[in-house]
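Subject: Handover of a structure, with notes

Dear colleague,

I am passing a structure on to you, and the notes that follow it set out what was found. Please read them with the structure open beside you.

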Amino acid sequence: MPKQLSRLIIVFAVLAGGMLFARHRLLPKTFGERGHYRAAAVTTIQNLPVKYAGREVCAGCHAEIAAMHSENRHQSVSCEVCHGPAAAHTESPTEVQLPKPNKRAGCPLCHRYDPSRPTGFPQIDPQTHNPMKPCITCHNPHRPETPHVPGECGACHGEIARTKAVSRHAGLDCNQCHNAPVKHKITPREVRPEKPRTRAFCAKCHGSDANSPKEIPRINLETHGGRYLCWQCHYPHMPEGV
Amino acid sequence: MEGREDRKQAGMKSRRDFLRTWPAAGLALLVGLKFKAVELWAAAEAAYNPREHRYGMGIDVAKCIGCGRCVEACKNENDVPREPFYFRTWVERYFINGSGETTVDSPNGGIEGFPPTTQEKGILRTFFVPKLCNHCDDPPCVQVCPVGATFSTEDGVILVDKDYCVGCRYCVQACPYGARFVDPRTKTAEKCTFCYHRITKGMQPACVEVCPTGARVFGDLKQRSSPLARFQRFRKLHTLKPHLNTKPKVFYADLDEEVR
C-alpha cells in the first residue's frame, strides 16, 4: 500500500471516528426513537397538568344539578364554561372553591345581541332588558326557562324585531303574517308559528287590486316575479328601500 | 420379564422420541415466552398507543356564537400568556358588506366577547370563525425547523419540543395560518397541541369541553363512529387555504369563501 494512501485512511478514520463521537455526544437521548424528534418531549407534554376536569367529574358529586342540567337547553353547556377550570376543586373540594358568576356580566357573553351570532340564538340587549338586575333573579342558569310567558315576540326574536323596527314594515304586527299560537310561547320548539305560503298572501296588500292604503307599493302578480315566491327576493322583515 | 422388556422397550422408544421432539418443543416454548414477554413489555411501555389514533377537529361555523369561552379555556389550560398577542386559539368576526368588502376583527382574540358593532347597516353577511393550528398532514412549520424541535407525532398532532427549540421563529413565519407565536417567558415557539395531555388520557381538548353550542367537534379520524365521523359524513367540509397543500386536519362546515 502506498504511504500516502495509508495516511489518508488514517485521516479519514479519525474524522469518521470524531464524527461518530460527536454525534453520540450531541444527539439528544431519545432522538429518532419514533421519528425525527426527541421522543421524551412527547412524554413531557403528555404529563402536563390537566386543569379542566370535564363535566362527567362534576356530575360525580353534584348529581342533582347535573341531572337538572342535562334535561334542558343548557345541556350542551359544560359546567366549566361558567364556573371556570375545576380540576383543582375536584382534588380538594373544600379548599378550592369555584366562582359563581351570578352578576350580570357573565350571561351577556353568550346572550348579548350581536348580528354576527347565528339567527335563532336567544339574545337580549342588556341595556334595555331589565337593566341592573342580575340575570339569576329571573333565570336559573341550570334550568334556563323563560320566567314568564314573554309578552312580545322580540323577547326571543330580538334580531328580527330590531331589524323590522327600522324597516317599512315596522308598523306590522308579527301576528299579521305569522299567527303564533299561544302555546308557541310556552314550548317554542314543539309548537311553531305559521308562515305565509303563497304569493296571494303578500298580494293582499301589494297586489294591484288590493284594498289597502295608496302609499303601499303595488305590483302586478301576473307579470312580476314569475315562478318565484315573494320572499325569495324580498326579505319581509326588512324590505328594500329604507 | 416380558412386561419389563416391554417397558424397557417402551422407555427406550420414548427416550428416543424425547430426544427427537423435546428440543424442538423447548425452542418453541422459548420463542413463545419471548413473544409473550415482548407483548407484556409493550403493554407496560405504552398503555396509550399513538399509532392507533389520528386526531382531527371539526368546526361548525354556523353554531359559533363568538362567546370566546374556548379562548379563555385554552389560556387557562395551557398557561398561555394573558397579553392580547398570544393565542393558541382565537375567534374572528367577519363582516362582508354589499360591495364585497370584508373586514375581520378579533379584539383580544375574542376572549372577552366582541364589542357591539357600530356599522350594522349595509352588512350582507356576518359570522364568527374560530381558528387554531390546523395540525397539517404536510406541515410547513415542521419542514423549516432547523433543529428538529417541532414535529408531527404518530397520532398526527404537531408538537413543539420546548427544551430543544432555539427560538429562531422560522416556524412562526412558515405557518400560513398564523397559529404560532414565541412565548415571551421561555423565548420558544408555542402552539396548539390539541391539548395533547388531555386527549391521550381520553379527554376532550379544553376548547371543545367548554364550547357551549357544540361548534367544535373533536375526535379520532381512525374511529368509525364518533361525533367527528358523523360530522364528516353529513356536512360539506372545507379546509383553510387548501391550495397550499398543507392537508389540514381541522375541517370547517358552512365556511364562507371570504374566510382565509
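**What was found**

In chain B, strand β1 is joined by four bridges to strand β11 (residues 250-253), and the two run parallel; helices (H or I, at least four residues) and strands (E, at least two) are DSSP runs, numbered from the N terminus, and two strands pair if DSSP finds at least two bridges between them. Across that pairing, Gly58(B) has Phe251(B) of β11(B) as its bridge partner.

Before going further, please note that this is a predicted model, in which local features need pLDDT of at least 70 and side-chain atom pairs count only at pLDDT 80 or more, while totals for chains, interfaces and linings use all residues. Residues are numbered from 1 along each chain as its sequence is written, and chains are lettered from A and ligands numbered from 1 in the order in which they are written.

**The sheet around β1(B)**

β1(B) belongs to an open sheet of four strands, in the order β9-β1-β11-β10 (chain B), whose pairing is mixed. Its edge strands are β9 and β10 (237-238) of chain B, each of which pairs on one side only. Helix α7 (residues 227-234) of chain B packs on this sheet and touches β1, β9, β10 and β11 of chain B, where contact means that the C-beta atoms of two residues, placed from the backbone, lie within 7 Å. The direction of α7(B) makes about 110 degrees with that of β9(B); axes are lines fitted to C-alpha atoms, for helices over the stretch in contact, and angles run from 0 to 180 degrees between N-to-C directions.

β1(B) is also joined to strand β9 (residues 216-220) of chain B, in this case by five bridges and in the antiparallel sense, with Ile59(B) standing opposite Arg216(B). On the far side of β11(B), two bridges pair β10(B) with β11(B), again antiparallel, and His238(B) has Tyr252(B) as its partner there.

How covered is β1 (residues 55-60) of chain B? Six of its six residues are buried, a residue being buried if 20 or more other C-beta atoms lie within 10 Å of its own, exposed if 12 or fewer, and partly exposed in between, with C-beta atoms placed from the backbone. In a regular strand the side chains alternate between the two faces of the sheet. Here Tyr55(B), Met57(B) and Ile59(B) point one way, and Gly56(B), Gly58(B) and Asp60(B) point the other way.

**A second sheet in chain B**

Three strands form another open sheet, in the order β3-β2-β4 (chain B), with antiparallel pairing. The twist averages 20 degrees from one strand to the next. α2(B) packs on this sheet, touching β2 and β4 of chain B, and its direction makes about 155 degrees with that of β2(B).

Strand β2 (residues 89-97) of chain B pairs with β4(B) over nine bridges; Arg93(B) stands opposite Phe128(B), and Trp90(B) has Lys131(B) as its bridge partner. Four bridges join β2(B) to β3(B), with Tyr94(B) opposite Val104(B). These two strands form a hairpin with four residues between them, and Gly100(B) in the turn has a positive phi of about 85 degrees.

**Arg69(B) and the contact with chain A**

Arg69(B) lies in helix α2 of chain B, and it counts as buried because 27 other C-beta atoms are within 10 Å. Leaving aside neighbours within four places in sequence, Arg69(B) is in contact with Val81(A), Val210(B), Cys211(B) and Pro212(B). Of these, Cys211(B) is 142 residues from Arg69(B) in sequence, yet the two are 6.6 Å apart in space, C-alpha to C-alpha.

Between the chains, 40 residues of chain B are in contact with 30 residues of chain A. On the chain B side, α2 (69-78), β4 (123-132), α5 (196-199) and α6 (206-210) each supply at least two residues.

**Helix α1 of chain A**

Helix α1 (residues 3-26) of chain A has 24 residues, of which zero are buried. Its end C-alpha atoms are 34 Å apart, which agrees with the 34 Å expected at 1.5 Å a residue, the expected span being 1.5 Å times one less than the number of residues.

With best wishes
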